[in-house]
Amino acid sequence: TFEESAELAYRGSKVLHPAAAELARAENLPVAVRNTLAPGEGTWLVPDEDRHRFEDLSRSCATGVTAKRGVAQVRVTGADFAADLPLLERVFGVVAEAGVSLDMMDIGGHAVVFTTERAAVGTVSAVLAELGVTFTVRNQVAKVTLVGGGIHGVPGIMHRMVRALTGAGIAIHQSVDSNMIVGVLVDEDRADDAVRAIHAEFFGA
């Protein structure tokens, strides 16, 4: 669907620009995605509400899998964030005031974990150091995302992703989900392996 294609683009796929998918959806324009090196009809994008009219789309809850590199994970520790609410607010406040966008945010009692663009690590490190909190940075990671309009509410999606990745010997550093995606953070040098493992699990080899 248009929405799924936009999600894939936002999550790192290079097939279709997000703005193109959004324009097609807004104007209800038919879009065919084709391989320039191979003949064939390719993949047609359809309006979100028409997803289940198409048999080939309804066979699977997932539409695609992609990877986004150039990501860093930041882990802030050394405080009881469930009790020290002003400090919790300031952790996110100083990063926001520095103009840095965050992803994969996870707030626990004694740790705040999030990802950001690797290019922003210097800025994030500077503002957190000035705040006086303890933090570590994991630089060489990538976010691998399974996208599908039928993912939400389907039992076993995460189990299948974990099975695929652990079966390939790939460590999972963090995870995130929404009504259309399940994303995992893996070592960047295993990103391609992770995409292949998840693709094989959901779409076959």
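The exercises below, each with a worked solution, concern a predicted model of one protein chain.

**Exercise 1. Characterise the chain as a whole and the confidence of its model.**

Step 1. The chain contains seven helices and eight strands. Of its 205 residues, 41% are buried.

Step 2. Its exposed surface amounts to about 10,900 Å², of which carbon and sulfur atoms supply 53%.

Step 3. Among contacts with a separation of 6 or more, 69% join residues 24 or more positions apart.

Step 4. The mean pLDDT is 85, and 77% of the residues reach 70 or more. Over residues 54-59 the pLDDT stays under 50, and the model has four contacts for this segment beyond four places in sequence.

**Exercise 2. Determine whether the span of helix 4 agrees with its number of residues, and describe its ends and its cover.**

Step 1. Helix 4 comprises the 13 residues 85-97. The expected span is 1.5 Å times one less than the number of residues, so helix 4 should span 18 Å. Its end C-alpha atoms are 18 Å apart, in agreement with that value.

Step 2. At the N-terminal end, Asp84 acts as a cap, with a side-chain oxygen 3.2 Å from the backbone nitrogen of Leu87. Just after the helix, Gly99 adopts a positive phi of about 80 degrees.

Step 3. The buried residues of helix 4 are Leu87, Leu88, Val91, Phe92, Gly93, Val94 and Val95. An α-helix has 3.6 residues a turn, so residues three or four places apart point the same way. The cover over the buried residues of helix 4 includes strand 3 (64-77), strand 4 (103-107), strand 5 (111-117) and helix 5 (121-131).

**Exercise 3. Identify the elements that build the largest nonpolar core.**

Step 1. The largest nonpolar core has 20 residues, and those with the most contacts inside it are Val144, Leu146, Ile157, Met161, Ile198 and Phe202.

Step 2. Two or more residues of this core come from each of strand 3, strand 6 (134-147), helix 6 (157-167), strand 8 (181-187) and helix 7 (191-203). Helix 7 provides the largest share, five residues.

Step 3. Another core, of 19 residues, lies apart from this one and includes Val91, Val112, Phe114 and Val127.

Step 4. Beyond four places in sequence, Met161 touches Leu146, Val182, Val184, Ile198 and Phe202. In soluble globular proteins, nonpolar side chains tend to be buried together.

**Exercise 4. Classify Ala72, Glu188 and Met104 as buried or exposed.**

Step 1. The cut-off for a buried residue is a relative accessible area under 20%.

Step 2. Ala72, placed in strand 3, has a relative accessible area of 0% and is therefore buried. Its contacts beyond four places in sequence include Phe114, Thr116, Val121, Val137 and Arg138. Ala72 and Arg138 are 66 residues apart in sequence, yet their C-alpha atoms are 5.7 Å apart in space.

Step 3. Glu188 belongs to the loop between strand 8 and helix 7. Its relative accessible area is 18%, so Glu188 is buried. Not counting residues up to four places away, Glu188 touches Arg69, Gly70, Arg118, Gln140, Val141 and Ala142.

Step 4. Met104, in strand 4, counts as buried because its relative accessibility is 2%.

**Exercise 5. State what sign of phi Met104 takes, and set it against the general expectation.**

Step 1. Most residues other than glycine have a negative phi.

Step 2. Met104 is not a glycine, but its phi is positive, at about 50 degrees.

How values were computed
Residues are numbered from 1 along each chain as its sequence is written. Side-chain values use heavy atoms; hydrogens and water are left out. Helices (H or I, at least four residues) and strands (E, at least two) are DSSP runs, numbered from the N terminus. Buried means under 20% relative accessible area, exposed over 50%, partly exposed in between (1.4 Å probe, protein chains only). Contact means heavy atoms within 4.5 Å. A polar contact is a pair of N or O atoms within 3.5 Å; within protein, one must be able to donate a hydrogen and the other to accept it, and residues adjacent in sequence count only if both atoms are side-chain atoms. pLDDT is the predictor's confidence in each residue, from 0 to 100. A nonpolar core is a set of buried Ala, Val, Leu, Ile, Met, Phe, Trp, Tyr and Cys residues joined through side-chain atoms within 4.5 Å. Accessible areas come from the Shrake-Rupley method with a 1.4 Å probe; for residues, only the protein chains shown count as cover.
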